[in-house]
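Please examine the sequence and the structure shown below before reading on. The report that follows treats the overall fold, the strands, a metal site and one proline.

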Amino acid sequence: MKRIAIFFIMHCAVVLALACKGKSDSADIEVPKKKLVTKTDDAKTDEGTVSLVISGNDAMQFDKKVLKVKAGAKVKLTLRHTGRMPVNVMGHNVVILNKDVNVNAFGSAASVAKATDYIPQDFKDKIIAYTPLIGGGQTTSVTFEAPEVGTYTFICSFPGHYALMRGTFTVE
Ligand code: ZN
């Protein structure tokens, strides 16, 4: 009887260890790859990716108001949700809008676009890039090519968030 109990405990330990291993394997381990983009014409083909990281919290705030890159750079924008609230209550994304977009018009269209994670399909061609929508504890990212020199607005398009959760994406 004792033997069976020991066997059972060991079996549980193995199962647990395997479960943990599976988890750590699937975690998104990020190797920061910050590299300066040189001013050569073929920067697109072989140069490193510029990594930008921004966080959003449960108080509806981004930790950065300005994101800056060079024109033509390949950009990896990572969003971390440092809060605990679920995506349906305190969802965050980062949407970079084109220069000519009326942010208020976009924000109200986004607020009713629940089916597409608050990305209004009528405005799809007015968006430079956007990350998936995430909840507390999650991280996501999007990779894109920086647009032409200028000042763009980024927001979180979750309903009611864009008034507070917005900043400037500068391409120089
Ligand atoms: Zn948000």
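## Zinc site, strands and surroundings

His161 is buried, with a relative accessible area of 2%. The model discussed here is a predicted one.

**The fold in outline**

The protein contains four helices and eight strands. Along the sequence these elements follow the pattern α-α-β-β-β-α-β-α-β-β-β-β. Of the 172 residues in the protein, 36% are buried. Among the contacts with a separation of 6 or more, 70% link residues that are 24 or more positions apart.

**The three-stranded sheet**

An open sheet is formed by three strands in the order E1-E3-E6, and its pairing is mixed. Strand E1 (50-56) and strand E6 (139-145) stand at the edges; each has a single partner strand, so one side of each is left without a neighbour in the sheet. On average, and with direction ignored, neighbouring strands of this sheet are turned by 20° against each other.

In general, the strands of a sheet pair through backbone hydrogen bonds, in either a parallel or an antiparallel way. Both senses occur here. E1 and strand E3 (residues 74-81) run parallel and are joined by seven bridges, whereas E3 and E6 pair in the antiparallel sense over seven bridges. Individual residues illustrate the pairing: Val53 stands opposite Thr78 in E3, and Ile54 stands opposite Leu79 in E3. On the E6 side, Lys76 stands opposite Thr143.

**Further strand pairs**

Strand E7 takes part in two pairings, one with E4 and one with E8. The table lists both.

| Strand pair | Sense | Bridges | Residues standing opposite |
|---|---|---|---|
| E4 and E7 | antiparallel | three bridges | Leu97 and Thr153 |
| E7 and E8 | antiparallel | six bridges | Thr151 and Thr170 |

**The zinc site**

Which residues supply the protein donors of the zinc ion? They are Gly91 (O), His92 (ND1), Cys156 (SG) and His161 (ND1), and they lie 2.1 to 2.6 Å from the ion. In sequence, the donor residues are spaced G-H-x63-C-x4-H. His92 lies in the loop between helix H3 (87-90) and strand E4 (95-97), and His161 lies in the loop between strand E7 (150-155) and strand E8 (166-171), so the pair ties together parts that are 69 residues apart in sequence.

Why is the arrangement of the four donor atoms irregular? The angles that they subtend around the zinc ion are 79 to 127°. A tetrahedral assignment requires all angles to lie between 85 and 135 degrees, and the range found here begins at 79°. For orientation, the ideal angle for four tetrahedral donors is 109.5 degrees.

**The surroundings of His92**

Is His92 buried or exposed? His92 is buried, because its relative accessible area is 0%, and buried means under 20%. The side chain of His92 makes a polar contact with the side chain of His161 at 3.5 Å. In addition, a polar atom of the His92 side chain lies 2.8 Å from the backbone oxygen of Asn57.

Apart from its neighbours within four places in sequence, His92 is in contact with a set of residues that includes Gly56, Asn57, Met60, Leu79 and His81. Pro132, Leu133, Ile134 and Met165 are also among its contacts, as are Cys156 and His161. The last two are themselves donors of the zinc ion. Leu79, moreover, is the residue of E3 that stands opposite Ile54, and it thus belongs both to the sheet described above and to the contacts of His92.

**The surroundings of Pro147**

Where is Pro147 found? Pro147 is in the loop between E6 and E7. Its relative accessible area is 15%, and it is buried. Not counting residues up to four places away in sequence, Pro147 touches Ala71, Gly72, Ile128, Tyr152, Phe169 and Val171. The C-alpha atoms of Pro147 and Glu172 are separated by 9.7 Å, and these two residues are 25 residues apart along the chain.

Note on methods. Residues are numbered from 1 along each chain as its sequence is written. This is a predicted model: local features need pLDDT of at least 70, side-chain atom pairs count only at pLDDT 80 or more; totals for chains, interfaces and linings use all residues. Side-chain values use heavy atoms; hydrogens and water are left out. Donors are N, O and S atoms within 2.8 Å of the metal (3.2 Å for Na, K and Ca); water is not among the atoms, so sites may look incomplete. Four donors count as tetrahedral if all angles lie between 85 and 135 degrees; four count as square planar and six as octahedral if opposite donors are over 155 degrees apart and all others between 65 and 115; anything else is irregular. Buried means under 20% relative accessible area, exposed over 50%, partly exposed in between (1.4 Å probe, protein chains only). Two strands pair if DSSP finds at least two bridges between them. Axes are lines fitted to C-alpha atoms, for helices over the stretch in contact, and angles run from 0 to 180 degrees between N-to-C directions. Contact means heavy atoms within 4.5 Å. A polar contact is a pair of N or O atoms within 3.5 Å; within protein, one must be able to donate a hydrogen and the other to accept it, and residues adjacent in sequence count only if both atoms are side-chain atoms.
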